[in-house]
Amino acid sequence: ERMGSEAFYAFYEAFGYKRKTGIDLPGEGMGLFHSPSSLGSTELATASFGQRFKVSILQQLCAVATVANGGVPVTPHLLSSLQDAKGETLFRYQQTQKDAVISAKTAKTVAEILEAGVSGDGGAKNAYVEGYHVAAKTGTSEKFEVLDANGNSFLRIGSCVAFAPYNDAEIAVIFVVDEPTCANKYGSMTAAPYISRFLQNALPY
């Protein structure tokens, strides 16, 4: 509320949620968000905790990677380079230099908060990996495309996005569980344990 809709919208855009990530894949999807003129007090409140708009999985991963990268956005690529049969490099994918969207100090603060949510008793504690400092955030979204007979949403999306080590990140990952059928549909239960399991294998490597 103190930030206001104009600044909120500007940061939303700066973190890449209004554009494609630029990954080298065809047909990348886009999210959906309010127009600047329709981002009133109610929309601002619901948007602040991640409801009533849509982002792609890649957009969310890239936004969190921006925090892991000290506030500087990154472009995802499938490959680091292309080589011919003789092993000669034909093309190398390189990061385009981008301006920081938040300061390194702010990114560090956010990373510390996200790590505390894993190592402490926070909502992302199921993403914990012994011996490593993991920063993570879980999410539980409602689907409004399908409603029950009373007009209420009942389908959910559970997610968890993480990077590690939190103070010198080498890897970022996201797990999204679409319409979980278990009793507890929260991202902390449906996605975070898989983040932990994945990082247990990836981090030592």
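Which residues lie nearest the centre of the second largest pocket? The tour comes to that pocket after the whole chain, the largest pocket and its surroundings have been seen.

**Before selecting anything**

The model is predicted, so local features need pLDDT of at least 70 and side-chain atom pairs count only at pLDDT 80 or more, while totals for chains, interfaces and linings use all residues. Residues are numbered from 1 along each chain as its sequence is written, and side-chain values use heavy atoms, with hydrogens and water left out.

**The whole chain**

Show the protein as a cartoon, and six helices and five strands appear, in the order α-α-α-β-β-α-β-β-β-α-α from the N terminus on. Helices here are DSSP runs of H or I with at least four residues, strands are runs of E with at least two, and both are numbered from the N terminus. The C-alpha atoms fill a box of roughly 65 × 40 × 35 Å along the principal axes. The radius of gyration is 18 Å, which agrees with the value near 17 Å of a compact globule of 205 residues; it is taken over C-alpha atoms, and the globule rule is 2.2 Å times the number of residues to the power 0.38. Of the 205 residues, 34% are buried, where buried means under 20% relative accessible area, exposed means over 50% and partly exposed lies in between, with a 1.4 Å probe and protein chains only.

**The largest pocket**

Select Tyr17, Ala47, Gly50, Phe53 and Gln60, which lie nearest the centre of the largest pocket among the 46 residues that line it. A pocket is an open set of points on a 1 Å grid over the protein atoms alone, where a 1.4 Å probe fits and protein lies on both sides within 12 Å along at least five of seven lines; lining residues have an atom within 4 Å of a point. About 1,700 Å³ of space lies in this pocket, a volume being the space filled by probe spheres set on the points, which are joined across faces, edges and corners. Two or more lining residues come from each of helix 1, helix 2, helix 3, helix 4 (104–119), strand 3 (135–142), strand 4 (156–164) and strand 5, and strand 3 gives the largest share, six residues. Coloured by type, the lining shows 26 nonpolar, 13 polar and seven charged residues, with Ala, Val, Leu, Ile, Met, Phe, Trp, Tyr, Cys and Pro counted as nonpolar, Asp, Glu, Lys and Arg as charged, and the others, Gly among them, as polar.

**Aromatic rings**

Keep Tyr17 and Phe53 selected and add Tyr9, Tyr12 and Phe33, since ring pairs link these five residues into a cluster. The structure holds eight aromatic pairs; rings of Phe, Tyr and Trp (its six-membered ring) pair if their centres lie within 6.5 Å, and planes under 30 degrees apart count as stacked, over 60 as edge-to-face and the rest as tilted. Tyr12 and Phe53 form an edge-to-face pair, at 5.6 Å centre to centre and 85° between the planes. Tyr12 lies in helix 1 (residues 4–14) and Phe53 in the loop between helix 2 (41–48) and helix 3 (57–68), so the pair ties together parts 41 residues apart in sequence. Tyr12 counts as buried at 5% relative accessibility, whereas Phe53 is partly exposed at 23%.

Next select Phe175 and Tyr194, a stacked pair at 6.2 Å centre to centre with 20° between the planes. Phe175 belongs to strand 5 (residues 171–178) and Tyr194 to helix 6 (residues 192–202), 19 residues apart.

**Arg52 and other backbone points**

Arg52 lies in the loop between helix 2 and helix 3 and is exposed at 52% relative accessibility. Its charged end sits over the ring of Phe144, 3.7 Å from the ring centre; the criterion is NZ of Lys or CZ of Arg within 6 Å of the ring centre and within 35 degrees of the ring normal. Most residues other than glycine have a negative phi, and most peptide bonds are trans. Arg52 has a positive phi of about 70°, and Glu179 has a positive phi near 55°. A cis peptide bond, with omega about -15°, joins Ala164 and Pro165.

**The second largest pocket**

To answer the opening question, select Ala65, Val74, Gln95, Ile171 and Ala172, which lie nearest the centre of this pocket among its 13 lining residues. The volume is about 320 Å³, and helix 3 gives the most to the lining, with four residues.
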